Amino acid sequence: MIKRREMFNTITQQMITHTYTTKKSTFNMDLCKALVSANIPLNKLSNKVFRNFLESYTRKEIPYETTLRKGYIDDCFIETMQKIREYISDHKIWISIDETTDAEGRFIANVIIVTLEAEKSGKIFLLNTEELEKAN
């Protein structure tokens, strides 16, 4: 009995200190960007006909919606926000927070940034849209 206790006291658990990084697929990233920029919902990838079409003409394995959501959509967001920051950094801007009611009666708030440019109309960026519990 004593030997057994001593054995448990001397055994230590090894901790995993190495973090694993997985290389992300360029194809998956480009596919995610294309779908998002074309306003095509990622769940369309579960459509068998669409999926077979993409696989046969690209000769690539098409990722599932969850793969893109978990591994690529955040990177697309970060990259897009960085591009917006870079673009507006050289311009004067105005910001609008607009409250409205949509077609289904929900209260919606939008955050919009517009660049102020002398020769042409400014570029418009919709930064965020949130559903509100109630509105004034």
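# Exercises on a predicted model

Glu117 touches Tyr87, His91, Gly122 and Lys123, residues up to four places away in sequence being left out. The model is predicted, and the exercises below start from this residue.

**Exercise 1. Find where Glu117 is placed, decide whether Glu117 is buried or exposed, and list the partners of its side chain.**

Step 1. Glu117 sits in the loop between β2 (107-116) and β3 (124-132).

Step 2. The relative accessible area of Glu117 is 18%. Buried means under 20%, so Glu117 counts as buried.

Step 3. The side chain of Glu117 makes a polar contact of 3.0 Å with the side chain of Tyr87. Another polar contact, of 2.7 Å, joins the side chains of Glu117 and Thr115.

Step 4. Glu117 also takes part in a salt bridge with Lys120, at 3.8 Å from N to O. Lys120 is exposed, with a relative accessible area of 54%, whereas Glu117 is buried.

**Exercise 2. Describe the surroundings of Asn28 in helix α2.**

Step 1. Asn28 belongs to helix α2, and its relative accessible area of 11% makes it buried.

Step 2. Not counting residues up to four places away in sequence, Asn28 touches Glu61, Pro63, Thr67, Leu68 and Tyr72.

Step 3. With one of these, Tyr72, the side chain of Asn28 forms a polar contact of 3.5 Å.

**Exercise 3. Name the residues of the largest nonpolar core and state which helix gives the most to it.**

Step 1. The largest nonpolar core has 11 residues: Met29, Leu31, Cys32, Leu35, Leu42, Leu45, Leu54, Ile62, Leu68, Tyr72 and Cys76.

Step 2. Helix α2 (residues 26-37) gives the most to this core, with four residues.

Step 3. Apart from this core lies another, of five residues, including Met81, Ile88, Ile113 and Phe125.

Step 4. Take Ile62 as a member of the largest core. Leaving aside neighbours within four places in sequence, Ile62 is in contact with Phe27, Leu31, Leu45, Arg51, Leu54 and Glu55.

**Exercise 4. Work out which parts of the chain the salt bridge between Lys33 and Glu79 links.**

Step 1. The structure holds seven salt bridges. In the one between Lys33 and Glu79, the closest N and O atoms are 3.0 Å apart.

Step 2. This pair links distant parts of the chain: Lys33 is in helix α2 and Glu79 in helix α5, 46 residues apart.

Step 3. Lys33 is partly exposed, with a relative accessible area of 30%. Glu79 is also partly exposed, at 27%.

Step 4. Lys33 and Glu79 are linked with Lys83 in a network of salt bridges.

Step 5. Phe77 lies in helix α5 (residues 73-88). Phe77 and Lys33 are 44 residues apart in sequence, but their C-alpha atoms are 9.4 Å apart in space. Phe77 is exposed, at 51% relative accessible area.

**Exercise 5. Identify the residues of the nonpolar patch on the surface and check whether Ile95 is buried or exposed.**

Step 1. Ile93, Ile95 and Ile97 form the patch, with about 300 Å² of accessible area together.

Step 2. Ile95 is in strand β1 (residues 92-101). At 54% relative accessibility, Ile95 counts as exposed.

**Exercise 6. Describe the two ends of helix α3.**

Step 1. At the start of α3 (residues 48-58), a side-chain oxygen of Asn47 comes to within 3.0 Å of the backbone nitrogen of Val49.

Step 2. After α3 comes Arg59, with a positive phi near 55 degrees.

Conventions
Residues numbered from 1 in each chain as written. Predicted model: local features only at pLDDT ≥ 70, side-chain atom pairs only at ≥ 80, totals over all residues. Heavy atoms only, no water. Polar contact = N/O pair within 3.5 Å; in protein donor to acceptor, adjacent residues only side chain to side chain. Core = buried A, V, L, I, M, F, W, Y, C linked by side-chain atoms within 4.5 Å. Buried < 20%, exposed > 50% of the residue type's maximum accessible area, 1.4 Å probe, protein only. Contact = heavy atoms within 4.5 Å. Patch = residues over 30% accessible without salt bridge, like charges linked within 9 Å, V, L, I, M, F, W, Y side chains within 5 Å. Areas by Shrake-Rupley, 256 points an atom, 1.4 Å probe, with all protein chains shown as cover. Salt bridge = Lys/Arg side-chain N within 4 Å of Asp/Glu carboxyl O.
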